[in-house]
Amino acid sequence: MSQAGPILFVSNAERPAFVAALDEARLFPVVDTDWASATRAVEQVQPAAVLAAMHSGHEPHLALLARKIADQSPYLPFVALDAAGTLPHNALPFASRAGHPDRLSARLRAALRVRTLHSTVLRRLPEARVALPAGDPSRDATVLLIGRGAAYPALSVALGERVGVVGALSIEAAAKHLNTRDIDGVVLAEGFTARVTDAFLTVLAEDTRFRTLPVVVTAHQLAQSYDLPNLELIAGEPAKVAANALPLIRQHAMEAQLSRTLRSIDAGGWLDPRSGLLTTEAFARDFAKAVEQALARGGGLSVARFAFDPNNPRAQLDAARILSRLMRQMDFGAAQKDGSVIVVFAETDFRTAHMIARRLSAVMRHTSNGKHEMRSDPVVSVDSLSPSDTARSLLARLSADASRAAS
């Protein structure tokens with residue numbers, strides 16, 4: 001991975017050994033500055049990442065530096081070493097536990113990959129009919145909260161004020177969510193033995209799908225090292241855990257958003273970078289074509305509509321993401337302007353479509369979002385193409401079925 005620019009190290013004290021090791025390894029040339037000069041140094045040095053030691057003299061300068069870094073494009077990773085208090089929204093926490101100097105270079109490499117991805121997307125955007133989704137990527141993030149101790153409800157609320165939360169009271173339930181949903185971070189709270197925690201972290205580290213996932217452990221000392229660059233131990237009050245986990249979660253949500261945007265660029269702009277499904281225009285075009293072909297060839301075609309509470313727009317987005325991950329390759333769908341998501345099952349009869357839709361809606365039911373534990377229970381209607389249908393009549397019947405089911 002090419003790294004354009006050095007690492008800027010901000011501190012009012014000597015470099016610790018693990019930062020010096022980065023420089024010596026020649027992987028990351030390190031430039032030093034103190035807190036008073038840090039904001040100016042970001043402009044002058046044009047770093048690829050900023051590391052900051054949070055143990056003396058940072059208080060009056062931290063907010064300004066964090067803002068300066070947040071304004072840079074492409075994404076500029078900002079790693080805060082050994083912070084005691086609550087961090088700014090873009091400062092990735094890093095506790096320099098003795099004996100694991102490799103953790104810092106792994107953390108930096110993972111963050112620099114996101115920077116490289118952002119550069120690629122920015123370079124390719126002008127050629128495509130695609131726009132990067134506006135706003136903070138963390139508002140679309142989903143966190144898996146695993147735990148069963150006294151702190152679990154408070155953690156659920158503290159995280160839920162910032163991101164969508166999927167709760168799991170057991171490691172088995174958590175594994176199921178990891179396999180069926182797009183998760184932007186895992187918070188492992190109390191309620192598990194050190195042995196269970198170790199086994200869970202080992203399994204995550206061995207699965208390439210989850211290796212860069214932010215994993216925050218709140219209740220155990222981590223005695224050994226795991227191949228998880230974004231693993232962090234954050235103890236303390238639920239509000240502090242949530243605030244300091246958020247920068248890692250935001251970075252992952254941003255990476256996922258950039259990956260979907262790149263797929264959309266590759267697909268000529270026909271994919272929606274927020275949901276991963278087709279845009280409404282592409283859906284209308286493909287649906288008309290699929291109906292035409294099914295009528296001409298006599299193949300089966302079924303449609304399912306998942307409708308959500310209009311006061312919970314987040315539920316539609318979560319459902320769209322679940323569908324884009326779990327749909328079969330031959331199926332396609334789109335989030336609709338009325339707050340529903342429609343999926344077309346090619347070569348599928350009514351009974352099979354009904355079974356698939358039921359399975360998909362069961363996955364959707366397990367998410368609660370935000371402060372009020374809003375559930376995502378969809379109203380599902382399924383219909384199949386009959387010989388007298390057009391694309392329009394089939395969709396109209398589906399919507400009518402849905403409003404009958406909802407009433």
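**The nonpolar cores**

Start by selecting Val-19, Leu-51, Val-79, Leu-81, Leu-104 and Leu-108: in this predicted model, these are the residues with the most contacts inside the largest nonpolar core, which has 31 residues. Now colour the elements that feed this core. At least two residues each come from β1 (7–10), α1 (17–24), β3 (49–53), β4 (78–81), β5 (92–94), α4 (102–124) and α8. Which of them gives the most? That is α4, with 7 residues.

Stay on α4 and centre the view on Leu-108. Setting aside neighbours within four places in sequence, Leu-108 is in contact with Ile-7, Leu-22, Phe-28, Ala-49, Leu-51 and Val-79. Show those side chains together with Leu-108 to see its surroundings.

Apart from this core there is another one, made of 23 residues. To find it, select Leu-144, Leu-178, Leu-204 and Leu-228, which are among its members.

**A helix and its cover**

Keep Leu-178 on screen and show helix α6, residues 171–180. Which residues of α6 are buried? They are Ile-171, Ala-174, His-177, Leu-178 and Thr-180. Next, show what lies over them: the cover includes β6 (142–146), β7 (164–168), β8 (185–188), α7 (194–206), α10 and α11 (350–364).

**Charged pairs**

Time to switch to charged side chains. Side chains of opposite charge can pair when their charged atoms come close. A search of the whole structure turns up 18 salt bridges, and a few make good stops.

Select Lys-68 and Glu-43 first. Their closest N and O atoms are 2.4 Å apart, and the two form a salt bridge. Lys-68 belongs to helix α3 and Glu-43 to helix α2 (residues 38–45), so this pair ties together parts that are 25 residues apart in sequence. Is Lys-68 buried or exposed? With a relative accessibility of 19%, Lys-68 counts as buried.

Next, go back to α4 and pick Arg-107, then add Glu-232. Their side chains meet in a salt bridge, at 2.8 Å from N to O. Because Arg-107 sits in helix α4 and Glu-232 in strand β10 (residues 231–233), the pair ties together parts that are 125 residues apart in sequence. Arg-107 and Glu-232 are both buried. Add Arg-103 to the selection too: Arg-103, Arg-107 and Glu-232 are linked in a network of salt bridges.

One more pair: Asp-207 and Arg-209 form a salt bridge, with their closest N and O atoms 2.8 Å apart. Here Arg-209 counts as partly exposed, at 49% relative accessibility.

**Two pockets**

Now turn on a surface. Rolling a probe the size of a water molecule over the atoms shows where empty space is left. The largest pocket holds about 420 Å³ of space. To get there, select Asp-182, Ile-183, His-252, Ala-256 and Arg-325, which lie nearest its centre among the 18 residues of its lining. Two helices, α8 (238–266) and α10 (313–326), each supply at least two lining residues. The largest share, 6 residues, comes from α8. Colour the lining by class and you get 6 nonpolar, 4 polar and 8 charged residues.

The second largest pocket has a volume of about 270 Å³. Its lining has 14 residues, and the closest to the centre are Ala-70, Tyr-75, Asn-90, Arg-250 and Met-254. Two or more lining residues come from each of α3 (62–70) and α8. The largest share of this lining, 4 residues, is again from α8. By class, the lining divides into 7 nonpolar, 5 polar and 2 charged residues.

**Backbone oddities**

Finish with the backbone. Most residues other than glycine have a negative phi, and most peptide bonds are trans. Zoom in on Ser-73 and Pro-74: the peptide bond from Ser-73 to Pro-74 is cis, with omega near 0°. You'll find Pro-74 in the loop between α3 and β4.

Then select Asp-82, in the loop between β4 and β5. Asp-82 is not a glycine, yet has a positive phi of about 55°. With a relative accessible area of 35%, Asp-82 is partly exposed.

The last stop is Glu-347, in the loop between β13 (340–346) and α11. Glu-347 has a positive phi of about 50°, though it is not a glycine. Is Glu-347 buried or exposed? Its relative accessible area is 59%, and Glu-347 is exposed.

Technical notes. Residues numbered from 1 in each chain as written. Predicted model: local features only at pLDDT ≥ 70, side-chain atom pairs only at ≥ 80, totals over all residues. Heavy atoms only, no water. 1 Å grid on protein atoms, 1.4 Å probe; cavity = no way out; pocket = protein on both sides within 12 Å on 5 of 7 lines; lining within 4 Å. Points joined across faces, edges and corners; volume = space filled by probe spheres on them. Nonpolar A, V, L, I, M, F, W, Y, C, P; charged D, E, K, R; others polar. Core = buried A, V, L, I, M, F, W, Y, C linked by side-chain atoms within 4.5 Å. Buried < 20%, exposed > 50% of the residue type's maximum accessible area, 1.4 Å probe, protein only. Contact = heavy atoms within 4.5 Å. Salt bridge = Lys/Arg side-chain N within 4 Å of Asp/Glu carboxyl O.
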